Amino acid sequence: MSQFKTPSQPVWDPLIRIGHWTLVIAFFTAYLSGDDLFNIHKWAGYVVAAYVLIRIVWGLVGPKHARFSNFVRGPGAVFGYLRALMTGKVKDYTGHNPAGGAMVVALLFSLLITTSSGLALYAVEDNAGPLAGIVTEQTFAPLASAFGEEEEEEEHGGRKEESGSEDLLEDVHKAFVYITLALIGLHLAGVVASSLAHKENLARAMVTGRKRVHDPDGDA
Ligand code: HEM
Ligand code: HEM
């Protein structure tokens, strides 16, 4: 029976797992539809935004391994872990390791700015979406002119030129899409490196929710 199997324990709750894979699909759907399939883009973006908000709340009130207090560590622990990763002498963690924890925070932050700039852009461009009426062309006008994005009032063939706010929000939206993509690249490299170092398939653990039971000294 179980004496031949490596003992495992539940770590990632269903919200984390279903949320993670929903996020992966929604993020790439939003990325690929950003240019010209706006209806799809909008809904995929809303899914990402909802995930981020729910995950932040879950980080405060969710079960042990979902909580920020369980995996957010200082720079010392993060760099210590990365150094150990180079030498292959990492200690095991039940939940996120310190570098993984820092990556979770970076990804959530970057996704928060990507989605909120998208929502603000939609409100300014089309006066639509959840921020319609809350965010207007005027909201970011002072910031936009501080960044040299001046308002252009003249009409071109009956179509009003983009406002400074719109330009600024578009720049922020695009920049954070690329920052998020760069973080995803590092995230995947981290998952591979840590899976090798801990001799455990961490991507599979994000599917099954279970991780190996290990030396209790390494528990976090
Ligand atoms: C096929 C590609 C991907 C794989 C295999 C993967 C794998 C994983 C794994 C194994 C973890 C847990 C890390 C740990 O054990 O500490 C994780 C966490 C996470 N990943 Fe990914 N990931 C992928 C793509 C993405 C993408 C595209 C995003 C962002 C858009 C993302 C965002 C996150 C976040 C936010 C967490 C934290 C989960 C939580 O605590 O709720 N991942 N991922
Ligand atoms: C993580 C989620 C998201 C990703 C990856 C993403 C990605 C993109 C990309 C790649 C573009 C095209 C930029 C270009 O023209 O080069 C774009 C444009 C845009 N996005 Fe998003 N976006 C996300 C979320 C959102 C959300 C939640 C909204 C709000 C409805 C939104 C609204 C817009 C708008 C209004 C444009 C400009 C469309 C146009 O005028 O052509 N985005 N986004």
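Start by selecting Asn127, the residue that follows helix H5 and has a positive phi, near 50°. Keep in mind as you look around that this is a predicted model. Asn127 sits in the loop between H5 and helix H6 (141-146). Most residues other than glycine have a negative phi. Asn127 is not a glycine, and yet its phi is positive. Is Asn127 buried, partly exposed or exposed? It is partly exposed, because 13 other C-beta atoms lie within 10 Å, and the partly exposed class falls between 12 or fewer, for exposed, and 20 or more, for buried.

**Stop two: along H5**

Now select helix H5, residues 98-126. How far should its 29 residues span at 1.5 Å a residue? The expected span is 42 Å, and the C-alpha atoms at the two ends are 42 Å apart, so the two values agree.

Add helix H7, residues 164-198, to the selection. The axes of H5 and H7 come within 8 Å and cross at roughly 155°. Angles over 145 degrees count as roughly antiparallel, and H5 and H7 are therefore roughly antiparallel to each other. The crossing of H5 past H7 is left-handed. If you colour the residues of this contact by class, you will find 16 nonpolar, 11 polar and 3 charged.

**Stop three: the end of H7**

Move on to Lys199, in the loop between H7 and H8. What is the phi of Lys199? It is positive, about 50°, although Lys199 is not a glycine. Lys199 counts as exposed because 8 other C-beta atoms lie within 10 Å, and the limit for that class is 12 or fewer.

**Stop four: H1 and H2**

Next, show helix H1 (14-33) together with helix H2 (38-61). Their axes come within 8 Å and cross at roughly 150°. That makes H1 and H2 roughly antiparallel to each other. H1 passes H2 in a left-handed crossing.

Within H1, pick out His20. His20 has 15 C-beta neighbours inside 10 Å, so it counts as partly exposed. Then select Val207 as well: His20 and Val207 are 187 residues apart in sequence, but from C-alpha to C-alpha they are 9.2 Å apart in space.

In H2, go to Trp58. Trp58 is partly exposed, because 18 other C-beta atoms lie within 10 Å. Draw a distance from Trp58 to Phe68, which is 10 residues away along the chain; their C-alpha atoms are separated by 8.8 Å.

**Stop five: ligand 1**

Select ligand 1 and show what surrounds it. The shell has 19 residues, and the closest are Phe27, His96, Gly100, Leu202 and Ala203. Elements giving two or more residues to this shell are H1, H5, H7 and helix H8 (202-208). Which element gives the most to the shell around ligand 1? That is H1, with 5 residues. Coloured by class, the shell around ligand 1 shows 13 nonpolar, 5 polar and 1 charged residues.

**Stop six: ligand 2**

Now do the same for ligand 2. How many residues surround ligand 2? There are 24, and Ala30, Gly34, Gly45, Gly118 and Tyr122 are the closest. H1, H2, H5 and H7 each supply at least two residues of this shell. H5, the helix from your second stop, gives the most to the shell around ligand 2, with 8 residues. By class, the shell around ligand 2 divides into 12 nonpolar, 8 polar and 4 charged residues.

**Last stop: the whole protein**

Finally, clear your selections and zoom out. The protein has 8 helices and 4 strands. Follow the chain from the N terminus and you will meet these elements in the order β-α-α-α-α-α-α-β-β-α-α-β. Along its principal axes, the C-alpha trace spans about 75 × 35 × 30 Å. What share of the 220 residues is buried? Buried residues make up 23% of them.

Definitions and conventions. Residues numbered from 1 in each chain as written. Chains lettered and ligands numbered in written order. Predicted model: local features only at pLDDT ≥ 70, side-chain atom pairs only at ≥ 80, totals over all residues. Near = placed C-beta within 6 Å. Nonpolar A, V, L, I, M, F, W, Y, C, P; charged D, E, K, R; others polar. Expected span 1.5 Å × (residues − 1). Axes fitted to C-alpha atoms, helices over the stretch in contact; angles between N-to-C directions. Parallel < 35°, antiparallel > 145°, perpendicular 65-115°, else oblique. Left-handed = near helix turned anticlockwise from the far one by under 90°.
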